[in-house]
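Here are a few exercises to help you find your way around a new structure. Have a go at each task before you read its solution.

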Amino acid sequence: MALSENLRSKLKKIYAPSSLVNIKYKGNDVAFKTDADGNPVVLFIGRRDAAGIVKGERYVRTLKRDNSGKVFKDHWDLKGKAS
């Protein structure tokens, strides 16, 4: 499943640094971890179980910056099932 443009726009925002953020998106439970700058870097999308863990798919974000700090590579890779 590819990430929709609407979800990608939510993931481009800056959130609390080094935290886990939980949201709902089109009937799915979404949880993502942020890096020290507040950028989402690990994404779990699926259904939340009784223990609060999202089971579905896991994505990892690649953010590469040049020497001046400008992002020149930003994409999400599907890494497989999240359990």
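This is a predicted model, and we start in a loop.

**Exercise 1. Find where Lys26 sits, then work out whether Lys26 is buried or exposed.**

Step 1: Look between β1 and β2 (28-34); Lys26 is in the loop that joins that pair.
Step 2: Check the surface. Lys26 has a relative accessibility of 68%, and the cut-off for exposed is over 50%, so Lys26 counts as exposed.
Step 3: Now the backbone. Lys26 isn't a glycine, yet its phi is positive, near 50°.

**Exercise 2. Do the same for Ser18: which loop holds Ser18, and what is the sign of its phi?**

Step 1: Ser18 belongs to the loop between α1 (5-11) and β1 (20-25).
Step 2: Its phi is positive, at about 50°, even though Ser18 is not a glycine.
Step 3: With a relative accessibility of 56%, Ser18 counts as exposed.

**Exercise 3. Work out which residues Arg47 touches, leaving aside its neighbours within four places in sequence.**

Step 1: Locate Arg47 in strand β3, which covers residues 40-48.
Step 2: List the contacts, taking heavy atoms within 4.5 Å as the cut-off. You should get Gly27, Asp29, Ile53, Val54 and Lys55.
Step 3: Pick out Gly27 from that list. Gly27 and Arg47 are 20 residues apart in sequence, and their C-alpha atoms are 8.7 Å apart in space.
Step 4: Zoom in on the side chain. From Arg47, the side chain reaches the backbone oxygen of Gly27 at 2.6 Å.
Step 5: Finish with the surface. Arg47 has a relative accessible area of 52%, so Arg47 is exposed.

**Exercise 4. Step back: what is the order of helix and strands along the chain, and how compact is the chain?**

Step 1: Count the elements, and you'll get one helix and five strands.
Step 2: Read along the sequence to get the pattern α-β-β-β-β-β.
Step 3: Compare sizes. The radius of gyration is 13 Å, close to the 12 Å that the globule rule gives for 83 residues, so the chain is as compact as a globular protein of that length.
Step 4: Add the spans of the C-alpha trace along its principal axes, about 45 × 25 × 20 Å.
Step 5: Ask how much is tucked away: buried residues make up 30% of the 83 residues.

**Exercise 5. Find how many positive and negative side chains the chain has.**

Step 1: Tally the charges: 18 positive and 9 negative side chains.
Step 2: Locate the centre of each set; the two centres lie 3 Å apart.

Terms used:
Residues numbered from 1 in each chain as written. Predicted model: local features only at pLDDT ≥ 70, side-chain atom pairs only at ≥ 80, totals over all residues. Heavy atoms only, no water. Helix = DSSP H or I, 4+ residues; strand = E, 2+ residues; numbered from the N terminus. Rg over C-alpha atoms; globule rule 2.2 N^0.38 Å. Buried < 20%, exposed > 50% of the residue type's maximum accessible area, 1.4 Å probe, protein only. Lys, Arg positive; Asp, Glu negative; His and termini not counted. Charge placed at Lys NZ, Arg CZ, Asp CG, Glu CD. Polar contact = N/O pair within 3.5 Å; in protein donor to acceptor, adjacent residues only side chain to side chain.
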